[in-house]
Amino acid sequence: MRAPDPARPLTVLGIESSCDDTASAVIRHVPPARPEILSSVVWGQTDLHARFGGVVPEIAARAHAEKLDLAVEAALAQAGVSLSELDALAVTAGPGLIGGVLSGVMLARGLAAATGLPLLGVNHLAGHALTPRLTEAVAFPYLMLLVSGGHCQFLQVDGPEQFTRLGGTIDDAPGEAFDKVAKLLGLAQPGGPAVEAEAKTGDPTRFALPRPLLDRPGCDLSFSGLKTAVLRARDALVADHGGLRARDRADLCAAFQAAVTEVLVVKSRRALAQYMASAPQSPVFAVAGGVAANQSLRAGLLAAAEDAGAAFNAPPLALCTDNAAMIAWAGIEQMRAGVALQQFAARPRWPLDQSAAPLIGSGKKGAKA
Ligand code: KG4
Ligand code: ZN
């Protein structure tokens, strides 16, 4: 264990390649000032995977391997920082698609060997979970809901390395469900924004969709049955009048969005009750992940936080979705906490809370954790 040094100025380069974004960023933190994101380069691969209807791991890995060094160069150039001005390197070491994770880890190892800089292996989920502290002065412990195309879990964040999972999805992630529903209804990808736009003019009460797992105690969630229910409703409509009318599509989207929102909000209330029972001094309920862009969900989560007496925190969208600034920041948090530099391996699965029972299911974007 190194001695924690809360005041030392730190400049760290982050590298992220665990899914379909090739990313690098530089963060400088000179306490007591807030950390500064000097650069954050995110190169998506949506076009490469579009015609396959999901992320193809081999294509993702090759694209990362081809572009990562350029992303690092761009991040350093935009930050106006040279390698010799860095204090450390931080790279996503998992969980995620293993080929992509390996691309990042190998590049980072090469850079560390060439420069002699310390190298930190960061858990991608820890990156998401620590983001509220990058953008605002949020104190531990806080409650975090991670909702994206690949992840869905409630985490109580007690410290840079201390996480308690209060619940998570047992099958699909909500973003995955939005994407699949969009596909079923002939809407564009990514499905979330398309479904949300349709839902605006729809009637959420016309189709009675299930509320999976609401009848069970606890904070676990399930979304795959909801998607199947939309499929059945669509097929019944097509059998009835030979196709989908604009009204049907809007109503189905509204019903689906209402079901996802209700399930997530009710489970959030339960997670908040557990979290508040630990009597946090400055309670905060934070949300991250692409699905957090959904306005109806956001309104529901905000209300749940307010009712529980917690402040609501949603980082700007560019920091909610995959990026390398969160990886650099998690590296800084680890250094400040005096976490020892460890040998690490690239890992496809890497649950943050090692004591929690493993969740089944692994989505189109790889292992859930
Ligand atoms: O965090 P993210 O960019 O990537 C990972 O999954 O890692 O999240 C992308 C997911 C996609 O499934 C997308 O459909 C969903 O977030 N999403 C939304 C909205 N915007 C993006 N889901 C619902 N409503 C939205 N407005
Ligand atoms: Zn992510």
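The legends below describe three close-up views of a predicted model.

In this predicted model, local features need pLDDT of at least 70 and side-chain atom pairs count only at pLDDT 80 or more, while totals for chains, interfaces and linings use all residues. Residues are numbered from 1 along each chain as its sequence is written, chains are lettered from A and ligands numbered from 1 in the order in which they are written, and side-chain values use heavy atoms, with hydrogens and water left out.

**View 1. The zinc ion (ligand 2) and its protein donors.** The donors (N, O and S atoms within 2.8 Å of the metal, or 3.2 Å for Na, K and Ca; water is not among the atoms, so sites may look incomplete) are His-124 (NE2), His-128 (NE2), His-151 (NE2) and Asp-322 (OD), lying 2.1 to 2.7 Å from the zinc ion. Along the chain they follow the spacing H-x3-H-x22-H-x170-D. Two of them link distant parts of the chain: His-128 belongs to helix H4 (residues 124-135), whereas Asp-322 lies in the loop between helix H10 (317-320) and helix H11 (325-336), 194 residues apart. Helices (H or I, at least four residues) and strands (E, at least two) are DSSP runs, numbered from the N terminus. His-128 is buried, with a relative accessible area of 1%, and Asp-322 is buried at 15%. Buried means under 20% relative accessible area, exposed over 50% and partly exposed in between (1.4 Å probe, protein chains only).

**View 2. Helix H7 (residues 224-241) and its buried side.** The 18 residues of H7 reach 26 Å from the first C-alpha to the last, close to the 26 Å expected at 1.5 Å a residue; the expected span is 1.5 Å times one less than the number of residues. Leu-226, Lys-227, Ala-229, Val-230, Ala-233 and Leu-237 are buried. Because these residues cover an arc of only 155 degrees around the axis, they lie on the same side of H7; the arc is that of the directions from the helix axis to the C-beta atoms. They pack against helix H5 (174-184) and helix H8 (246-276), with contact meaning heavy atoms within 4.5 Å. On the other side of H7, Arg-232 and Ala-239 are exposed. Gly-242 follows H7 and has a positive phi, near 75 degrees.

**View 3. Gln-45 in the loop between strand E3 (36-44) and helix H1 (46-49).** Gln-45 counts as buried because its relative accessibility is 3%. Its side chain reaches the backbone oxygen of Ala-60 at 3.4 Å. Not counting residues up to four places away in sequence, Gln-45 touches Cys-19, Asp-20, Thr-22, Ala-60, Ala-63 and His-64.

Methods: A polar contact is a pair of N or O atoms within 3.5 Å; within protein, one must be able to donate a hydrogen and the other to accept it, and residues adjacent in sequence count only if both atoms are side-chain atoms.
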